[in-house]
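Student: I would like a close look at a single part of this structure. Please take the salt bridge, and set it in its surroundings.

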Amino acid sequence: MAEQDDWEREFDHAWVKSAEHKEPSARARMLAARWKENPPEPAPFRADPDRVGPRRSSWVSTAVVLGCVAAVIVLLGYAQLRSGY
């Protein structure tokens with residue numbers, strides 16, 4: 001019977017969550033130590049990402065893709081013409 005009680009206590013989540021002291025995770029301890037020496041700068045919630053450059057419109061991207069496909073078709077046709085039958 002004592003063995004069964006040990007087994008039940010091992011998987012009793014309510015008993016684990018009722019612990020008085022909860023140790024922070026390793027990452028939390030690492031960040032706390034780092035931020036003591038060099039605190040992070042405040043950042044707004046969902047800040048806008050920095051723009052790298054102007055974004056291409058969708059028609060330009062479509063034209064580039066279609067141009068590449070047309071070039072591949074022409075090259076394959078030319079290669080087949082040169083090889084004969």
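Tutor: Here is the salt bridge, followed by its surroundings. This is a predicted model, where local features need pLDDT of at least 70, side-chain atom pairs count only at pLDDT 80 or more, and totals for chains, interfaces and linings use all residues. Residues are numbered from 1 along each chain as its sequence is written, and side-chain values use heavy atoms, with hydrogens and water left out.

A search of the whole structure finds one salt bridge. The term means a side-chain nitrogen of Lys or Arg within 4 Å of a carboxyl oxygen of Asp or Glu. Arginine 29 pairs with glutamate 23. Their closest N and O atoms are 3.0 Å apart.

Now the accessibility of each partner. Buried means under 20% relative accessible area, exposed over 50%, and partly exposed in between (1.4 Å probe, protein chains only). Arginine 29 has 41% relative accessibility, so it counts as partly exposed. Glutamate 23 is exposed, because its relative accessible area is 60%. Across the protein, buried residues make up 1% of the 85 residues.

Next, the fold. The protein has four helices and zero strands. Helices (H or I, at least four residues) and strands (E, at least two) are DSSP runs, numbered from the N terminus.

Last, confidence. pLDDT is the predictor's confidence in each residue, from 0 to 100. The protein averages 81, and 79% of the residues score at least 70. Confidence is highest in helix H3 (residues 26–37), at a mean of 92. Confidence is lowest in helix H1 (residues 2–10), at a mean of 62. Where pLDDT is low, the predicted coordinates should not be read in detail.
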